Amino acid sequence: MREAMLHAEVGDEQRRGDPTTLRLEARVAELLGKEAAVFLPSGAMCNQISFAVHCRAGDEIIMDRTAHPLNYEAGGPSALVGAVIRPLDGDRGVFTAGQVEEAIRPAGYEMPKTRVVSIEQTTNIRGGVCWTMAAVSAVAEVARRHHLVMHMDGARLLNAVVATGVSATEFAAPFDSTWVDFSKGLGAPVGAALAGSRDFIEAAWVWKHRLGGAMRQSGILAAAALYALDNNVERLAEDHANAGRFANGIAGLPGINLDPATVETNIVVFDVSGTGRSAKEFAERALAEHGVQFSTVGESLVRAVTHLDVDANGIDQAITAVARM
Ligand SMILES: *Cc1c(COP(=O)(O)O)cnc(C)c1O
């Protein structure tokens, strides 16, 4: 990847003159079956620009209570566009068409105007669950009937593709806007690419400049993303196998509450309340005493993520660390 970055052919991205970035954008548009794509510095910017293009102040965005834009994007939809978020209580991040239908505001003057339905593929802080095509299609049907915009946060879309065998094009088809992140499991240092119709991407470019996301020789970064698409997608299956190995290794330990059958991709969320420690204490001790890094996603919920820098030996070390604790 470093070699590919070193040899990248570059130009001025702001003038749409960086050949490597243009190649990446064409590649992502094709991957997601959309007319066009734009390279952005981060996944959060893909979400925020999508909402900014789709919404006016006072519009409402439906998403799961655990969704990234609601919890980890510094209040972006509210701060940048004045949009309201309507959180749903999904099942581990996956909500139903019925829940969407119920949340849609009736026409009138006094309520916010429902505008966007946003889903997360895979569900991040609820354990990397894949939305099935059936669940997506059912939500899309309700959205179409009510003239709503469909957005997919595809930070880990390619994990879902590898885990389910459904193609990225097929998963992306019902969505007006969607994106993939290169800096998660794909292992690139920076970047994500947002895709949609030509008109949508043109409008996204205004926001890219407005937010300071337009770059210069971005081909150095795009080359890393292209390398990741060529070399680091199929190997996501190893991350999924490692997550399964970790889940099976800790599921029977005293104090740990986890059903390993619920682990579908590269994220394992488990409950540590039976250990007598909070998730925060658990994670701090794992790092300080065993060199294993976990995050916390609740008072008693700990989150482990596997990726290309963690091999099976690392997984066994992590299992041993949890067992000792
Ligand atoms: C990481 C993540 C983002 C944000 O992506 P960045 O590239 O870190 O800005 C958005 N949504 C989900 C579900 C994520 O996991």
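# Why these labels? Contacts, burial and rings

Trainee: A polar side-chain atom of D153 lies 2.6 Å from a nitrogen atom of the ligand. What makes a pair like this a polar contact?

Mentor: The term covers a pair of N or O atoms within 3.5 Å; within protein, one must be able to donate a hydrogen and the other to accept it, and residues adjacent in sequence count only if both atoms are side-chain atoms. At 2.6 Å, the D153 pair therefore meets the 3.5 Å limit. Keep in mind that this is a predicted model, in which local features need pLDDT of at least 70 and side-chain atom pairs pLDDT 80 or more, while totals for chains, interfaces and linings use all residues. Residues are numbered from 1 along each chain as its sequence is written, and side-chain values use heavy atoms, leaving out hydrogens and water.

Trainee: Which backbone atom contacts the ligand, and at what distance?

Mentor: A backbone N or O atom of G43 lies 2.8 Å from a ligand oxygen. N124 places a polar side-chain atom 2.9 Å from an oxygen atom of the ligand. Taken alone, the ligand exposes 380 Å², and the protein buries 86% of that, with areas from the Shrake-Rupley method and a 1.4 Å probe; for residues, only the protein chains shown count as cover.

Trainee: How do you know that a residue is near the ligand?

Mentor: One of its heavy atoms must lie within 4 Å. There are 15 residues around the ligand, and G43, D153, R156, D181 and K184 come nearest. Helix α3 (43–54) gives the most to this shell, with 3 residues. Helices are DSSP runs of H or I with at least four residues, strands are E runs of at least two, and both are numbered from the N terminus.

Trainee: How do you know that the length of α3 fits a helix?

Mentor: The expected span is 1.5 Å times one less than the number of residues. For the 12 residues of α3 that gives 16 Å, and the end C-alpha atoms are 17 Å apart, which agrees. At the N-terminal end, S42 acts as a cap, with a side-chain oxygen 3.1 Å from the backbone nitrogen of M45.

Trainee: What makes α3 mostly covered?

Mentor: 10 of its 12 residues are buried, meaning under 20% relative accessible area, whereas exposed is over 50% and partly exposed in between (1.4 Å probe, protein chains only). Among the buried ones are G43, M45 and F51.

Trainee: Why is the F95 and W131 pair called edge-to-face?

Mentor: Rings of Phe, Tyr and Trp (its six-membered ring) pair if their centres lie within 6.5 Å; planes under 30 degrees apart are stacked, over 60 edge-to-face and the rest tilted. Here the centres are 4.9 Å apart and the planes stand at 80 degrees, so edge-to-face it is. Both F95 and W131 are buried.

Trainee: What type of pair do F39 and F182 form?

Mentor: A tilted one, at 6.3 Å centre to centre and 50 degrees between the planes. F39 sits in strand β1 (residues 36–40) and F182 in the loop between β6 and β7, 143 residues apart.

Trainee: Why is H147 called exposed, and where does R92 fall?

Mentor: H147 has 68% relative accessibility, so it counts as exposed; R92, at 29%, is partly exposed. Phi is positive in R92, about 50 degrees, and in H147, near 55 degrees. Most residues other than glycine have a negative phi.
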